[in-house]
Amino acid sequence: MSRSLVVGPETVRMLELGHPWVIADRYTKLWPRGRSGDVVRLTSGDGRFLATALLDPEDRVVARVLEFAPMQLDADWLRKRLMQALRRREQADLSRTNAYRLVNGEGDGLPGLVVERYDAYLLVQLYARCWEMHLEVLLAALAETVHPAGIYLKTRPRRTRELAAKGQTGKLGRLVWGKKASFPMRVQENGLYFLVDLEEGLHTGLFLDQRRNREDFMRRVKERRVLNLFAFTGAFSVAAAAAGARRVVSVDAAGAYLARAQDNFRINRTDPRNHEFITGDCFQVVADFVKENRRFDAVLMDPPSFSTTRQSQFTTRGGTSDLVAQSLRLLTPGGLLICSSNHQKVDVADFLKEIRRGALQAGQEPRVLASYGQPEDFPYAVTFPEGRYLKYLVMEALAV
């Protein structure tokens, strides 16, 4: 029988509103010592049952709610949750892709757990250590419900931002079930092909949450000159070239990412020599383009929440406005500025304020044509606003 742990009045209020997290506070410090992965009952000070949760005592989120009812975390319960997630994907439009998110953590009632499908393989990512204790039963449930060729596991290190900035991530994924895949693996999205790796680094090489936005991007950039900042492995650049963009310039601080971008061009039968790849700090490259009086018909900026180069440090809160100002100076009249952010702590209103600062700095007044978020395979609960993290704004540049 699971232990009962008392939470404070503020946490009681949040749980009653349906929020699935218990944040460490003075009440949780009084809890008896437990193991990460213990299934516990959360109660109010007067003994009223609130939820069943997974304990994660070393994390800021010390408990993650599995269900607002008494339950047993076993194979049957996991299979039921996974089948619910599968049914949601069956209702989504995934007909032109074989790479998508199968389990989206809290959005699918499995907090701290992400499962993605890459063709015949699954990638399980643990964003919370509390799942490690239940890994064996989880893998068995996935094998039974999804029938993959193999399952890879990636445990997210706690210092991901610092490690990524230093390029010290290395091989974080490993095969835990089934047969080994050959990497890089080719997957399909919107009729295009991309190379992914389920073993190396923090990321696979393709951000699945931008799939629908890339499809929209393709409809907008035919015959346009496109600048893709923070290009990563060039998914947006490939999409632009495939859609008939006149020329695509891809900029990223990591040359290894741009090498993979060129490989992505080649597997889509597009010659990368007809386009441009620049390894460098995006701020400096854009500043140089302004000085050179270069012009583009579309500029896309999709920066990571945090990035570091020798020249500068970028954060969504600190760098967006300056980069927007410089990017607007590169656009032709009526050109498109597309800004995206995956920073969970920056909502759409704050993001628009940063863009406004940049627009005023550049003396321009862009118009928002469209605003999108993540696709259907990234669901989130209305009681968990943190789950709505992706912001993608399409704007038309107009001079004041």
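Modeller: Two strands count as paired if DSSP finds at least two bridges between them; helices (H or I, at least four residues) and strands (E, at least two) are DSSP runs, numbered from the N terminus. The model is predicted: local features need pLDDT of at least 70 and side-chain atom pairs count only at pLDDT 80 or more, while totals for chains, interfaces and linings use all residues. Residues are numbered from 1 along each chain as its sequence is written, and side-chain values use heavy atoms, with hydrogens and water left out.

Biologist: Thanks! Let's start with the open sheet that includes β1: by what angle are neighbouring strands turned against each other on average?

Modeller: This open sheet has five strands in the order β1-β3-β4-β5-β2, with mixed pairing. Its edges are β1 (3-6) and β2 (21-23), each of which pairs on one side only. Angles run from 0 to 180 degrees between N-to-C directions, with axes being lines fitted to C-alpha atoms (for helices, over the stretch in contact). Ignoring direction, the average turn between neighbouring strands is 40°.

Biologist: Within that sheet, which residue is the bridge partner of Val40 in β4?

Modeller: Strands β3 (residues 39-43) and β4 (residues 49-55) run antiparallel and share five bridges. In β4, the residue that partners Val40 is Ala53.

Biologist: Helix α1 packs on this sheet, so to speak; what angle does its direction make with that of β2?

Modeller: Helix α1 spans residues 9-16 and touches β2, β3, β4 and β5 (61-67), where contact means heavy atoms within 4.5 Å. Against the direction of β2, the direction of α1 makes an angle of about 165°.

Biologist: Staying with that helix, is Val12 buried or exposed?

Modeller: Val12 has its place in α1. Leaving aside neighbours within four places in sequence, Val12 is in contact with Val7, Ser44, Arg48 and Leu50. Buried means under 20% relative accessible area, exposed over 50% and partly exposed in between, with a 1.4 Å probe and protein chains only. The relative accessibility of Val12 is 11%, so it counts as buried.

Biologist: Now two packed helices: are α2 and α3 parallel or oblique to each other?

Modeller: Two packed helices are described by the angle between their axes and the distance between the axes. For α2 (residues 75-91) and α3 (residues 135-146) the angle is about 45° and the axes are 9 Å apart. Angles under 35 degrees count as roughly parallel, over 145 as roughly antiparallel, 65 to 115 as roughly perpendicular and the rest as oblique. The two helices, α2 and α3, are therefore oblique.

Biologist: How many residues of the contact of α2 with α3 are nonpolar?

Modeller: The α2 side includes Leu78, Leu82 and Leu86, while the α3 side includes Leu138, Ala141 and Leu142. One residue of this contact is polar and two are charged, and the nonpolar ones number 10. For the classes, Ala, Val, Leu, Ile, Met, Phe, Trp, Tyr, Cys and Pro count as nonpolar, Asp, Glu, Lys and Arg as charged, and the others, Gly among them, as polar. That gives a nonpolar tally of 10.

Biologist: What is the relative accessible area of Leu138?

Modeller: Leu138 is found in helix α3. Not counting residues up to four places away in sequence, Leu138 touches Leu78, Leu113 and Val124. Leu138 lies 63 residues from Ala75 in sequence, yet their C-alpha atoms are 7.4 Å apart in space. Leu138 is buried, with a relative accessible area of 0%.

Biologist: How many residues of strand β7 are buried?

Modeller: In a regular strand the side chains alternate between the two faces of the sheet. From β7, Leu113, Val115 and Arg117 point one way and Val114, Glu116 and Tyr118 the other way, and all are buried. Strand β7 (residues 113-118) is largely enclosed by the rest of the structure, because its buried residues number six of six.

Biologist: Which residue in β8 does Val114 stand opposite?

Modeller: On one side, five bridges join β6 (residues 99-104) to β7 in an antiparallel arrangement, and there Asn104 has Val114 as its bridge partner. On the other side, β7 pairs with β8 (residues 121-126), again antiparallel, over six bridges. Across that pairing, Val114 faces Gln125.

Biologist: Last one: which residue takes a positive phi in the hairpin of β7 and β8?

Modeller: That hairpin has two residues between its strands. The phi is near 55°, and the residue is Asp119.
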